[in-house]
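The exercises below are meant to be worked with the coordinates open. Try each task before reading the solution beneath it.

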Amino acid sequence: MWFANAAKFSGTIVATMIAIDDAQAMIRAESRPNPSQAVTMNEALGCILAQSVVSDVDSPPHDKALMDGYAVRASDIAQDVELEIIEEVVAGEVPTRPVESGTATRIMTGAPLPQGADAVVMVERTEMVAEDRVRFLLESIDSGTAVMRRGASVRRNQVVLQPGCELRSIEVGAMAEVGCAAVDVIRTPEIALVQTGDELVEIGNPLQPGQIRNSNGPMLSAMVQQVGGRAVDLGIARDDEAMLTAKIRQGLKSDLLLLSGGVSAGVRDLVPAVLVAAGVRQVFHKVNMRPGKPLWFGVADRADQGRCLVFGLPGNPVSGLACFWVFVAPAILIASGRTGQMTIETRPLAESHRLGGARPTYWPAVQEGEDGVRALPWQGSADLCSLASADSLIFFPEGGREYLAGEAVAVLPLR
Ligand code: AMP
Ligand code: MG
């Protein structure tokens with residue numbers, strides 16, 4: 001019956017909206033880095049290091065040739081001088097004879113330098129005159145040429161990587177070089193996702209009248225992965241207390257829980273009440289911004305394994321997207337051991353833009369190099385497809401007005 005919910009559907013209780021900055025500060029205050037966990041170097045990419053990495057070797061472990069050619073005494077080299085070849089050494093072998101004046105060892109890149117030698121002449125500057133004689137086609141060579149000294153790159157017991165550093169491919173390679181097969185890193189945050197709504201249908205199913213596809217699930221899962229989190233999508237929950245409660249209980253086992261929909265003033269917006277009933281402490285509800293006003297944020301303290309941060313995102317896809325980049329991404333980044341500071345850039349507007357409405361606004365935009373940033377045509381929080389070419393959100397502060405071309409605006413890049 002249409003009037004069954006009339007008592008609940010009242011506009012008289014107006015929750016006060018908080019400012020964007022205050023909401024961000026509250027989220028930051030509740031955010032903690034995850035505990036550390038040992039991973040192999042093959043699992044470490046993108047993680048934040050929770051220990052120092054110390055070298056167990058001098059690297060290189062021997063004076064080594066940096067070119068294919070001849071290991072010589074630099075003082076022997078003069079134009080057209082000829083030396084006796086006493087040995088050939090390739091990488092992986094060890095020289096057996098010292099280089100004395102008048103002699104040279106044929107040497108390949110990476111091989112250990114023989115005793116007595118102090119430079120390598122590249123093969124291109126030489127000419128064979130007999131099987132065991134080589135002529136040199138250069139006037140002189142400096143001692144140390146084409147030689148890398150033992151430990152020149154890193155010394156045994158030297159700290160190569162500091163706690164807090166992000167493990168990129170370079171760091172993974174450096175770990176392998178210094179003998180570090182496993183490391184402690186900040187555990188990758190696991191983010192549970194639940195999408196609420198009686199109208200939602202998973203992709204691939206036919207749409208009945210009144211139904212829409214669940215675009216938030218795949219989009220949130222993708223955004224979580226973009227910031228280095230691990231998404232666990234628990235799927236659709238109907239606007240039904242029992243089903244919501246079950247999904248929320250499951251989601252509270254993760255480091256963060258992101259719900260979409262059900263946080264506004266509609267009669268089926270059950271999420272805040274069900275979260276509180278499930279023991280989640282509300283930190284704030286409603287932020288003075290557009291899109292994204294209905295955002296709900298709370299914390300579940302768990303005796304055994306720290307806390308779960310809970311975000312009730314508005315159901316409209318662009319509201320969810322804006323809330324994700326402004327509020328959720330920093331929390332995920334902090335959980336993964338990063339600072340969580342998002343880069344805000346200042347750019348000139350490429351074209352004038354008339355902003356209606358008074359609330360602080362994040363407007364979809366595209367950056368156009370020298371021209372600056374262009375506000376895209378956009379129909380509001382339900383219009384996701386107009387963002388297909390967007391790479392940023394322009395932030396317009398409180399108070400609508402005409403913004404002129406060339407005027408500097410704050411821009412939040414979308415990753
Ligand atoms: P709600 O916040 O639940 O009132 O939803 C606000 C609007 O967002 C409604 O038009 C919903 O149909 C739409 N919506 C809610 N959840 C999703 C979703 N998962 N994917 C796409 N649209 C959604
Ligand atoms: Mg809903």
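Two residues are in contact when heavy atoms of theirs lie within 4.5 Å. The model used throughout is a predicted one.

**Exercise 1. Overall form**

Task: Compare the radius of gyration of the chain with that of a compact globule of 415 residues, and describe the extent, burial and surface of the chain.

Solution: Begin with the reference value, which for a compact globule of 415 residues would be near 22 Å, whereas the chain has 32 Å. Next, take the C-alpha trace along its principal axes, where the spans are about 105 × 55 × 40 Å. The secondary structure within these spans amounts to 6 helices and 27 strands. Then turn to burial: 45% of the 415 residues are buried, and the accessible surface of the chain comes to about 20100 Å², with 51% of that area belonging to carbon and sulfur atoms. For the contacts, consider those between residues at least 6 apart in sequence, of which 70% join residues at least 24 apart. Finally, the chain carries 36 positive and 49 negative charges, and the mean positions of these two sets are 10 Å apart.

**Exercise 2. The cysteines**

Task: Determine how many disulfides the structure holds, and examine the surroundings of C180 and C308.

Solution: The count of disulfides is 0. For C180, which is in no disulfide, the nearest cysteine sulfur is that of C165, at a distance of 11 Å. C180 has a relative accessibility of 11% and therefore counts as buried. For C308, the closest cysteine sulfur belongs to C323 and is 17 Å away, so the separation is too far for a bond. C308 is also buried, and its relative accessible area is 0%.

**Exercise 3. Backbone features in loops**

Task: Locate the cis peptide bonds that precede P60 and P291, and then place the positive phi values of A146 and N157.

Solution: Start with the peptide bond from S59 to P60, which is cis with omega near -5°; P60 belongs to the loop between β2 (53-54) and β3 (64-65). A cis bond also links R290 to P291, where omega is about -5°, and P291 sits in the loop between β18 (281-285) and β19 (296-302).

Continue with phi. A146, a residue other than glycine, has a positive value near 60°, and its place is in the loop between β9 (133-136) and β10 (147-148). N157 is not a glycine either, yet its phi is positive at about 75°; N157 lies in the loop between β10 and β11 (159-161). As a last step, look at accessibility: A146 is buried, with a relative accessible area of 15%, while N157, at 57% relative accessibility, counts as exposed.

**Exercise 4. Helix α3 and its cover**

Task: List the buried residues of helix α3, state which elements cover them, and describe the residue G228 that follows the helix.

Solution: Helix α3 comprises residues 216-226, and its buried residues are N216, G217, M219, L220, S221, M223 and V224. The elements that cover these buried residues include the strands β13 (190-196), β16 (230-237), β17 (256-260) and β20 (306-313), together with the helix α6 (317-335). After α3 comes G228, whose phi is positive, near 90°.

**Exercise 5. Sequence separation and distance in space**

Task: Describe the placement and contacts of L384 and A405, and relate each to a residue elsewhere in the chain.

Solution: L384 is found in the loop between β24 (373-375) and β25 (392-396) and, at 25% relative accessibility, counts as partly exposed. Leaving aside neighbours within four places in sequence, L384 is in contact with M219, P317, V318 and L321; M219 is among the buried residues of α3. By contrast, L384 and L138, which are 246 residues apart along the chain, have their C-alpha atoms separated by 68 Å.

A405 is placed in the loop between β26 (402-403) and β27 (408-413). Once neighbours within four places in sequence are left aside, the contacts of A405 are L349, A350, E351 and S352. The C-alpha to C-alpha distance between A405 and A222 is 34 Å, for a separation of 183 residues in sequence.

Note on methods
Residues are numbered from 1 along each chain as its sequence is written. Chains are lettered from A and ligands numbered from 1 in the order in which they are written. This is a predicted model: local features need pLDDT of at least 70, side-chain atom pairs count only at pLDDT 80 or more; totals for chains, interfaces and linings use all residues. Side-chain values use heavy atoms; hydrogens and water are left out. Helices (H or I, at least four residues) and strands (E, at least two) are DSSP runs, numbered from the N terminus. The radius of gyration is taken over C-alpha atoms; the globule rule is 2.2 Å times the number of residues to the power 0.38. Buried means under 20% relative accessible area, exposed over 50%, partly exposed in between (1.4 Å probe, protein chains only). Accessible areas come from the Shrake-Rupley method with a 1.4 Å probe; for residues, only the protein chains shown count as cover. Lys and Arg count as positive and Asp and Glu as negative; His and the chain ends are not counted. The place of a charge is taken as NZ of Lys, CZ of Arg, CG of Asp or CD of Glu. A disulfide is a pair of cysteine sulfur atoms within 2.5 Å.
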